[in-house]
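This report describes the internal spaces, the nonpolar cores and the annotated positions of one protein model. The sequence and the structure are shown first.

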Amino acid sequence: MKSVGFIGWRGMVGSVLLDRMHKENDFVKIIPHFFSTSQSGKHGPIINNVPFKKLKDAYNINLLKEMDIILTCQGGSYTNTIYSKLRENHWKGYWIDAASTLRMKDDSIIVLDPINLKNIEKSLNDGIKTFVGSNCTVSLMLMALGGLFSSNLIDWISVSTYQAASGAGAQYVIELLKQMGALYNIVSEDLSNQSCSILNITKKVTKKIQDDDFPLKYFPVPLAGSLIPWIDINMGNGQSREEWKGQFETNKILGYKNKVVIDGTCVRISSIRCHSQSFLIKLNKNISLKNIEEIITNHNKWVNFIPNTIDETISKLTPSAVTGTLKIPVGRLRQLSIGNRYVSAFTVGDQLLWGAAEPLRRMLNLLINI
Ligand code: HSE
């Protein structure tokens, strides 16, 4: 059995990963070792009813070198510090990473096996040892539209995203909830007072959002009762890095040399852990909606097509319906009045599951069986 070292298993993505591994009984297939950047020597998680007694030091290269596989959800700065040291020390093991640091390197593969299993298998035969999860909107888009990509039907995509607080990190989810609580608290009495005017309520809430004591330790500006139309750094041309990733990571996953053009606007909203995306797709040939529906539906077992009706849409195509599941609903499919080859589609996905932990868990399983 392979020794697998886990780093960053306590964070949001890491916890979801462990949870999925428990559910799928993955731990019986490996010898797990748990590392910590700050608590080595302390107790680790309970695996198959047995507590992992002593956390190992995540900065100890000799201990890390004993691993056949390292899976890290610790973040980019850990990868920056440790990865090259390990390789310089002749470690030949497999590195699986949630962070973006190594994604675009020539000797790494971005993993999303329902989309690029063949590329992954080829890279394993070629001796590639570094496997990185993709940006969450990219994974969720590819899981949703995988059929259109594999049928080579896409000319370009313009996307608007509606991204959850969890994509920014655990502290941001907590801060969003504090912001929501602060807004509720300021008007809680008015809400049960039938004679209180809604204008007064909105005034109080608006004033609270702008107050100096509104919870804003992590988000640069309020999110609750608002939105933030910028995610990650400026690439220097007015495009955010999150928007840049849409095209470049997608093409790398598909093994294309920037064949498909994808661009749009990425927006943070007050969803907790589901990212939603609205697509304007330019197809490269005329094709009926019925056909598109079949192509999307038949691509993978997680995608499910939502008919473009009010009831189906609002009950099945929302973060509240999808959160905590591996479902990838796709709906709002219609031909746009712009022209025959222009269609819209909308999808929602849990950014911690298919958007982060699940592709890594599946990659680990591929490696276990080598
Ligand atoms: N960059 C994403 C976000 C998170 O900020 O929502 C995961 O890839």
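Glutamine 163 counts as buried, because its relative accessibility is 1% and the limit for that class is under 20%. The model is a predicted one. Glutamine 163 sits in the loop that joins β10 and α6. Leaving aside residues up to four places away in sequence, glutamine 163 is in contact with Thr137, Ile231, Glu242, Cys266, Val267, Arg268, Ile269 and His275.

**Annotated positions**

Two of these contacts return in a database record. In an unreviewed UniProt entry, the annotation "binding site" covers Gln163, Glu242 and Arg268. These residues span 106 residues in sequence, but no two of their C-alpha atoms are more than 10.9 Å apart, so they gather at one spot. From this set, Glu242 also belongs to the lining of the largest cavity.

The unreviewed UniProt entry further places the feature "domain: Semialdehyde dehydrogenase NAD-binding" at residues 3-123. This span is 34% helix and 25% strand, and its end C-alpha atoms lie 21 Å apart.

**Pockets and cavity**

The table sets out the volumes and the lining classes of the spaces.

| Space | Volume | Nonpolar lining residues | Polar lining residues | Charged lining residues |
|---|---|---|---|---|
| Largest pocket | About 1,200 Å³ | 20 residues | 22 residues | seven residues |
| Second largest pocket | About 360 Å³ | six residues | six residues | six residues |
| Largest cavity | About 90 Å³ | five residues | five residues | three residues |

The largest pocket, with about 1,200 Å³ of space, is lined by 49 residues, and Val13, Ser166, Gly167, Ala168 and Gly169 are the closest to its centre. At least two residues of the lining of the largest pocket come from each of α1 (12-23), β2 (30-36), α6 (170-191), α8 (241-254) and α12 (353-368).

The second largest pocket has a lining of 18 residues; nearest its centre lie Asn251, Lys252, Gly255, Tyr256 and Lys257. Two or more residues of the lining of the second largest pocket are given by each of β8 (108-111), α4 (113-125) and α8.

A search of the whole structure for cavities of 30 Å³ or more finds one. The lining of the largest cavity comprises 13 residues, with Thr137, Val159, Thr161, Gly246 and Gln277 nearest its centre. Elements that give two or more residues to the lining of the largest cavity are α5 (136-150), β10 (154-162), α8 and β11 (261-265). Thr137, one of the residues nearest the cavity centre, is also among the contacts of glutamine 163. Helix α8 contributes to the lining of the largest pocket, to that of the second largest pocket and to that of the largest cavity.

**Nonpolar cores**

The largest nonpolar core contains 72 residues, and Phe6, Phe131, Leu145, Phe149, Ile157 and Ile281 have the most contacts inside it. Leucine 145 touches Ile157, Phe279, Ile281 and Ile296, when residues up to four places away in sequence are not counted. Another core lies apart from the largest one and has 15 residues, including Met67, Trp91, Trp95 and Val132.

Note on methods. Residues are numbered from 1 along each chain as its sequence is written. This is a predicted model: local features need pLDDT of at least 70, side-chain atom pairs count only at pLDDT 80 or more; totals for chains, interfaces and linings use all residues. Side-chain values use heavy atoms; hydrogens and water are left out. On a 1 Å grid over the protein atoms alone, a cavity is a set of points where a 1.4 Å probe fits but cannot get out, and a pocket is an open set with protein on both sides within 12 Å along at least five of seven lines; lining residues have an atom within 4 Å of a point. Grid points are joined across faces, edges and corners, and a volume is the space filled by probe spheres set on the points. Helices (H or I, at least four residues) and strands (E, at least two) are DSSP runs, numbered from the N terminus. Ala, Val, Leu, Ile, Met, Phe, Trp, Tyr, Cys and Pro count as nonpolar, Asp, Glu, Lys and Arg as charged, and the others, Gly among them, as polar. A nonpolar core is a set of buried Ala, Val, Leu, Ile, Met, Phe, Trp, Tyr and Cys residues joined through side-chain atoms within 4.5 Å. Buried means under 20% relative accessible area, exposed over 50%, partly exposed in between (1.4 Å probe, protein chains only). Contact means heavy atoms within 4.5 Å. UniProt positions are given in the numbering used here, feature names are shortened, and annotations may be inferred rather than shown by experiment.
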